[in-house]
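Trainee: Could you take me on a close look at how one pair of helices packs together? I would like to follow it step by step.

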Amino acid sequence: MRDISIVLCGRNDDHGGGFLDRLLKAAEHNLSRLADLGVGAEIVWIEWNPPADRPLLAEELTRRFTSVRAWIAGPAVHRYCCDNPHMFIMEFFAKNAGVRRSQSEWILTTNADIVLGESTLARMLELDDPEDARVYRAVRRDLKPGVAPADAATASHWQFSHATTPPYHAEGAGDFLLASRLVFEAVRGFNETIRFAKLHKDTQFCIHAAKLGFEPSVIGEVYHLHHPNSWIHLPMAARTAPDAPWGPPYNYRANLPYLNPPEWGLVHCREEPVGERICRLLPPKTPTVLPEVGSRGVLAEAENAWKAA
């Protein structure tokens with residue numbers, strides 16, 4: 001692997017507490033280690049539905065890191081994509097938008113507070129086939145409070161470790177999903193037909209990709225910087241509340257594979273430069289027409305779409 005696009009998203013709402021600090025620590029560590037290994041890396045940052053009374057995180061990221069390019073998806077774009085008034089960020093619409101605007105042959109969608117492990121970095125270096133037809137996963141280790149990225153590999157610093165087992169669809173899939181551009185374009189990214197929830201779209205992506213012939217494979221481990229409101233610390237009642245900010249429970253294993261429209265990733269959005277390496281996404285003038293979920297022919301259309309990609 002000679003270069004990679006790392007797709008991140010977020011908003012300045014201090015998600016989980018200390019969000020900006022975790023974001024900067026993880027970005028600094030990951031970019032530094034990739035540079036040490038001779039891998040060129042860019043961060044594609046999608047700032048979703050930013051609060052009007054707070055500064056843009058994109059401004060701090062582009063100031064600190066010359067390899068960051070950022071797009072702002074404001075409230076109008078959020079309303080265009082979201083059918084749930086309790087949700088403030090459409091994580092996987094944002095990640096799709098980042099994938100479509102990335103520049104490298106290898107694309108990693110991950111989360112803002114994820115630190116790449118040395119075992120994962122070593123395997124990433126070995127990837128050199130842009131037609132590689134696998135989706136790569138990593139085992140997630142949750143760190144104890146105060147553990148720095150440089151100390152993450154020490155097992156006594158782990159608070160929790162996810163049991164990532166075959167067929168490698170679940171257990172923190174969204175923390176590390178690496179694939180060639182060919183794969184992301186063939187499967188058309190994360191599911192955009194579900195607009196009322198974001199839960200389990202990472203698992204859904206892995207199942208969807210596998211059904212289309214792109215099997216997940218685990219290549220190493222990653223580390224999640226601690227924050228007290230992480231999903232693993234929430235009681236079940238909070239996870240499944242109908243008004244939760246990630247949406248209500250739904251059968252995320254149904255109607256797979258899904259079929260996103262050709263303009264998935266908001267490629268039909270207009271772009272307006274607002275700063276150095278920062279653009280604002282404007283909602284499209286023509287709404288997207290989605291196929292009916294579960295309708296006859298969707299599977300065949302999906303298969304034809306990736307075969308033609």
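Mentor: Happy to! In this predicted model, helix α1, residues 19–36, packs with helix α2, residues 57–64, at an angle of about 30°. Angles under 35 degrees count as roughly parallel, and α1 and α2 are therefore roughly parallel to each other. Two packed helices are described by the angle between their axes and also by the distance between the axes. For α1 and α2, the axes are 12 Å apart. Their crossing is right-handed.

Now look at the residues that touch. On the α1 side the contact is made by F19, L20, L23 and L24, and on the α2 side by L57, E60, L61 and R64. Sorted by class, this contact has 6 nonpolar residues, 2 charged ones and no polar ones.

Keep L23 in view, since we meet this residue again. L23 of α1 is part of the contact with α2, and L23 is also among the residues that line the largest cavity. A search of the whole structure finds 3 cavities of 30 Å³ or more, and the largest holds about 60 Å³ of space. Its lining includes I6, L8, A26, A27 and N30, along with I43, T110, N111, A112 and I114. Helix α1 gives the most to this lining, with 4 residues. Strand β1, residues 3–10, and α1 each supply at least two of the lining residues. By class, the lining of the largest cavity has 8 nonpolar and 3 polar residues, with no charged ones, while the contact of α1 with α2 has 2 charged residues.

Key. Residues are numbered from 1 along each chain as its sequence is written. This is a predicted model: local features need pLDDT of at least 70, side-chain atom pairs count only at pLDDT 80 or more; totals for chains, interfaces and linings use all residues. Side-chain values use heavy atoms; hydrogens and water are left out. Axes are lines fitted to C-alpha atoms, for helices over the stretch in contact, and angles run from 0 to 180 degrees between N-to-C directions. Angles under 35 degrees count as roughly parallel, over 145 as roughly antiparallel, 65 to 115 as roughly perpendicular and the rest as oblique. A crossing is left-handed if the near helix is turned anticlockwise from the far one by less than a right angle, and right-handed if clockwise. Contact means heavy atoms within 4.5 Å. Ala, Val, Leu, Ile, Met, Phe, Trp, Tyr, Cys and Pro count as nonpolar, Asp, Glu, Lys and Arg as charged, and the others, Gly among them, as polar. On a 1 Å grid over the protein atoms alone, a cavity is a set of points where a 1.4 Å probe fits but cannot get out, and a pocket is an open set with protein on both sides within 12 Å along at least five of seven lines; lining residues have an atom within 4 Å of a point. Grid points are joined across faces, edges and corners, and a volume is the space filled by probe spheres set on the points.
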